[in-house]
Every structure is written in structure tokens, then in C-alpha cells.
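Work through the exercises below with the sequence and the structure open beside you. Try each task before you read its solution.

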Amino acid sequence: MKKTFISLSILVAATLGAAAQSVTPAARQMPKLPQGVGPVMEASMVTTDLPAQAQNFLNKYFAGVAVKSAKNDFKDRRYEVKLADGAEVEFDYNGNWIEVEAPDGATLPSSTISALMPESVVVNSLSGDAMVNGGVMQYVEEVVSYPDFYVVSAVTPDGTKTRASVDRKDGKVNVLKQKAPKDKRGHKGAHGRKGGRRAGYDSTVMVRLDHNPRFY
């Protein structure tokens, strides 16, 4: 009986050891929960626990701006960082940026956009009239990185909101959604009446995105 007990103990220890070795690094990041509690979808974290590449990105493009909060989104497999000035940045688990959003009522600096996106895309698409006549370089609020394209959101001074995909290779623009500004009476259109027509300002185009940036 004693020998049998010892053999079973050795077997259990070996099994637990093999199971521990099979746990993935991502799984090790999951917090331990009391028995009977459901899975945790996200958890707070400190900035120093972010991948080095993500920390370098924040230090370079948001130098001097304190981090308000950081969390690990286990469901979407990303890190979400909120800065003290209201800006938000999301990274994948390797530290690559996947979304950069300016504070409410502000835009991203041109220098930051130029660093995030290839020069050909910036010059030919954002500075040209492919999205809005006159370009939107100075009015970009958000950039999201997908494997084959970027999605850029901008609001021009007249209130026109544009959301478009920009191809990574050739800078080709596909307007996904464009919303016209409203006049003082709350109606769309160039003539102050509902249904008024002005090309590029009172039309709305929506295209579904089948890609998710978390898979980048």
C-alpha cells in the first residue's frame, strides 16, 4: 500500500509538471480566480509591464504625457492605454500599435501621422483631395492599422466627418463613411433645407470592414 501511494504521488507530480510546461505565455498572464468565478475579460496593469516596443512608442510620440491607465484586454488580445491628455493608444501583444486616437476635440500632430504611415500614403492621400478637397492632414482624429490598409477618421473645420480606408501599398482611398455638417436649423444641405444637395457633403457611404485589427 505504501509503495502504491508513492507511485501515485510521483505520477500526479509528473502530470502537473507536464501541464505547467504546456501553458502558453499569454495564458500565464491571466489572473488567478477563486473557484466558481467566470473568466476575466480585462485587467489593469502598470506601464512597465507593456512590451518594450510599446513603451518606446509612448516615450517617442507622447513624450512628457503621463499614462492615466493601462489594461490588458484578454478577449481581444491587446493592450489599451489611456493618456492624461485624453489620447488613447492600443497595442497588440507584440507591442505594435494598432490604433491611435487623439484627445476629444483635438487632432493628431502631422509629425505623428507621418511617422505612423508611409510617406507615399501621407502625401498622396491625406494631403491630397482623395478624402476631402484640400486634404485632411491637419484634421485626423484617429488612425487604425489593419494588415493591408489603414482606416483614417477626420473632421474638417466645416464639420464634415470622413472615415476612409487607405491602402498601405498605393495609398488608394475608399471612403467608408462621410457625414455632412448640419446648418443652424439642424438640417442637412447647402440651401438650409432637408435633402439639399452638395456633392461630397450630404451623402453617407458605409462599407463593412471584415478585418479586425486585433489579428494584425
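**Exercises on a predicted sheet**

The model used here is a predicted one, and residues are numbered from 1 along each chain.

**Exercise 1.** Determine in which order the strands of the open sheet follow one another, and which strands stand at its edges.

*Solution.* Begin by tracing the sheet from one side to the other, where you find 9 strands in the order β1-β2-β3-β4-β5-β6-β7-β8-β9, with antiparallel pairing. Next look at the two ends of this order: β1 (42–44) and β9 each have a single partner strand, so one side of each is left without a neighbour in the sheet. Finally, compare the directions of neighbouring strands, which are turned by 15 degrees against each other on average when direction is ignored.

**Exercise 2.** Describe how β8 pairs with β7 and with β9, and find the glycine with a positive phi in each hairpin.

*Solution.* Start with β7 (residues 149–155) and β8 (residues 161–167), which are antiparallel and are joined by 7 bridges. Within this pair, S153 stands opposite R163 of β8. The two strands form a hairpin with 5 residues between them, and in its turn G159 has a positive phi of about 100 degrees.

Now move on to β9 (residues 173–179), which runs antiparallel to β8 and is joined to it by 6 bridges. Here A164 stands opposite V175 in β9. This hairpin also has 5 residues between its strands, and the residue with a positive phi, near 75 degrees, is G171.

**Exercise 3.** Find the bridge partner of V81, and state which strands are touched by helix α5.

*Solution.* First locate β3 (residues 78–83) and β4 (residues 88–92), an antiparallel pair with 5 bridges; the partner of V81 in β4 is V89. Then turn to the helices, beginning with α3 (residues 52–61), which lies across β2 (67–73), β3, β4 and β5 (97–101) and runs at about 155 degrees to β4. Helix α5 (residues 119–126) packs on the sheet as well, where it touches β6 (140–145), β7, β8 and β9, and its direction makes about 140 degrees with that of β8.

**Exercise 4.** Characterise the largest pocket by its volume, its lining and the elements that contribute to this lining.

*Solution.* The volume comes first, and it is about 240 Å³. The lining consists of 17 residues, and those nearest the centre of the pocket are E141, S153, A154, V155 and K161. Two or more lining residues come from each of β6, β7, β8 and β9. As a last step, sort the lining by residue class, which gives 5 nonpolar, 4 polar and 8 charged residues.

Technical notes
This is a predicted model: local features need pLDDT of at least 70, side-chain atom pairs count only at pLDDT 80 or more; totals for chains, interfaces and linings use all residues. Side-chain values use heavy atoms; hydrogens and water are left out. Two strands pair if DSSP finds at least two bridges between them. Helices (H or I, at least four residues) and strands (E, at least two) are DSSP runs, numbered from the N terminus. Axes are lines fitted to C-alpha atoms, for helices over the stretch in contact, and angles run from 0 to 180 degrees between N-to-C directions. Contact means heavy atoms within 4.5 Å. On a 1 Å grid over the protein atoms alone, a cavity is a set of points where a 1.4 Å probe fits but cannot get out, and a pocket is an open set with protein on both sides within 12 Å along at least five of seven lines; lining residues have an atom within 4 Å of a point. Grid points are joined across faces, edges and corners, and a volume is the space filled by probe spheres set on the points. Ala, Val, Leu, Ile, Met, Phe, Trp, Tyr, Cys and Pro count as nonpolar, Asp, Glu, Lys and Arg as charged, and the others, Gly among them, as polar.
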